[in-house]
Amino acid sequence: MNTYRYKARNAAGKTVNGVINAPDEFSAVQKVRETAPVILEIVPVKSDSEKNGMLSMEIGGKPKVKADSLAMMCSQFSILLQSGIHIARCIELVANQTENKRLKKILKDIADDVAEGGGVASSFERSGEGIFPPTFIETVRAGELAGTLEKSFDQLETYFSKSYANSEKIKAAMRYPIFVVVIAIIVVIIVMVRVVPVLTNVFASMGGELPWITQSLIATSNFFAKWWLVMVIAILAIVVACKVYFGTEKGRLVKGKLQLQLPIIGKINILSGSAHFASTMSVMLLSGLTVNRATEVTSRVMTNAIMQDDVAAMTGRLEEGHPLGECILKCDYFPENLRQMTAIGEESGELAETLNVVGDYYTNEADHATAAALAKLEPGMMVVLALFAGWIVIAIYMPMFTVYNMF
């Protein structure tokens, strides 16, 4: 059971304060309304162990559950529920099969809470605070209220499987360019720190004037050898400063705008954001959430700050009675096709299905755009590396020809 502190107004219009025990917030609200119909405020009261959470907190903070683990877990829940097993027992069975010790403990706590009468979504939200995404919590809550939990878990399995597959495609596409860059940096460091100083001493002992290209290579090597520590500190300082700045409200918006306006990368981010919006909205609506609530949850899971604020602003306009197709026109960075298809889906009464198709379309478009960008990036990297390698080779061989001419 959990403890909640509340402020409410009773039938006589008098403000009352109190504390109440209930399995979840929803149950607490129902109990308070029996004596005080108007709820002004209700907040959970943290226990001493929660207040001193830093003392018992596991090292490493609260890492979120990965998309592939969520997909597997949702698939297990769906299958077990369809077989007629009670949800508390389902959670316990999945917990027993989970290898991650931290997640296993959380699932066991959730199973105990649900077995005692707590709500499924509320238990996941409370016991797994910070590690389960809002999409998961809200879809489970909608399925719980509608009595279709197995369907909600099935939809979540599809959603998280797609998310994991898309992220893996991007990672796989980026592995080769990153590998090439890392190897190039290592080779450059070895050449500048080990090879060039040795050659410099050899050339100096032979006498004669070194070509300008060799002098430039030696000067670069000496610069790195002398200032490498300062450069590392400067880079780390810039990274920390950017992280702090982008953590502010203004910095968050600046970063979001840059992500959408940069050449090539901006187009990929717009397509990815559109796919994320459409897919998440589709899952929320199929699980039974209202358009207002689905938009609110979707705004919280959008990764780009500008798109997140645009979607969040749609919630207020929806509550004023405007249709979604009209509200989405205010979102500047969403493609025209997404706006039109959303309006058509809303008018036809098949908004969730339409958004699902649109989400798949923009996912494919984002994949193609990423592949095209990488196809252009790899030859460009090869050209840059070839020019750099050519500079080093010429700078090393030219003094040799000069020495040969001296004999």
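Arginine 293 is partly exposed, with a relative accessible area of 26%. That percentage comes from a predicted model, and so does everything else I will show. Arginine 293 has a partner: its side chain meets that of glutamate 296 in a salt bridge, with 2.9 Å from N to O. Glutamate 296, at 32% relative accessibility, is also partly exposed. Why can these two reach each other? They are 3 residues apart in helix H13, so about one helical turn separates them. An α-helix has 3.6 residues a turn, so residues three or four places apart point the same way. Side chains of opposite charge can then pair when their charged atoms come close.

The pair also belongs to something wider. Glu125, Glu138, Arg141, Arg293 and Glu296 are linked in a network of salt bridges.

Now stay with helix H13, which runs over residues 291-301. Which of its residues are buried? They are Ala294, Thr295, Val297, Thr298, Ser299 and Val301. Their cover includes helix H8 (134-146), helix H12 (265-286), helix H14 (305-319) and helix H15 (324-327).

Take alanine 294 as the example from helix H13. Its relative accessible area is 0%, so it is buried, the limit being under 20%. Leaving out residues up to four places away in sequence, alanine 294 touches Met281, Met284, Leu285 and Leu289. Glutamate 138, a member of the network I just listed, comes up here too. The C-alpha atoms of alanine 294 and glutamate 138 are separated by 8.6 Å, while the two residues are 156 apart along the chain.

Next, helix H12, one of the helices that cover H13. Of its 22 residues, 16 are buried, so H12 is mostly covered. We can also check its length. At 1.5 Å a residue, H12 should span 32 Å, and its end C-alpha atoms are 32 Å apart, so the two values agree.

Look at what sits on either side of H12. In the loop between H11 and H12 we find isoleucine 264. Isoleucine 264 has a positive phi of about 65°, although it is not a glycine. At 51% relative accessibility, isoleucine 264 counts as exposed. Just after H12 comes glycine 288, with a positive phi of about 110°.

H12 also takes part in the second largest pocket. How many residues line that pocket? There are 47, and Ser163, Ser167, Ser272, His276 and Thr303 lie nearest its centre. The volume of this pocket is about 1,500 Å³. Rolling a probe the size of a water molecule over the atoms shows where empty space is left.

Which helices build the lining? Helix H4 (67-82), H8, helix H9 (149-206), helix H11 (249-261), H12 and helix H17 (351-406) each supply at least two residues. H9 gives the most, with 12 residues. By type, the lining residues divide into 24 nonpolar, 16 polar and 7 charged.

Back to salt bridges. The structure holds 11 of them, and two more deserve a look.

In one, the side chains of aspartate 360 and lysine 162 meet, with 3.0 Å from N to O. Aspartate 360 lies in helix H17 and lysine 162 in helix H9, so this pair ties together parts that are 198 residues apart in sequence. Are its two members buried or partly exposed? Aspartate 360 is partly exposed, with a relative accessible area of 30%. Lysine 162 is partly exposed as well, at 31%.

In the other, aspartate 113 pairs with arginine 126, and the closest N and O atoms are 2.3 Å apart. Aspartate 113 is in helix H6 (residues 101-115) and arginine 126 in helix H7 (residues 120-127), with their positions 13 residues apart in the count, and the pair links distant parts of the chain. Aspartate 113 has a relative accessible area of 11%, so it counts as buried. Arginine 126, at 26%, is partly exposed.

Last, the chain as a whole. It has 17 helices and 3 strands. Of its 407 residues, 36% count as buried. Among contacts with a separation of 6 or more, residues 24 or more positions apart account for 59%. The pair of aspartate 360 and lysine 162, at 198 residues apart, is one salt bridge that spans a long stretch of sequence.

Terms used. Residues numbered from 1 in each chain as written. Predicted model: local features only at pLDDT ≥ 70, side-chain atom pairs only at ≥ 80, totals over all residues. Heavy atoms only, no water. Buried < 20%, exposed > 50% of the residue type's maximum accessible area, 1.4 Å probe, protein only. Helix = DSSP H or I, 4+ residues; strand = E, 2+ residues; numbered from the N terminus. Contact = heavy atoms within 4.5 Å. 1 Å grid on protein atoms, 1.4 Å probe; cavity = no way out; pocket = protein on both sides within 12 Å on 5 of 7 lines; lining within 4 Å. Points joined across faces, edges and corners; volume = space filled by probe spheres on them. Nonpolar A, V, L, I, M, F, W, Y, C, P; charged D, E, K, R; others polar. Salt bridge = Lys/Arg side-chain N within 4 Å of Asp/Glu carboxyl O. Expected span 1.5 Å × (residues − 1).
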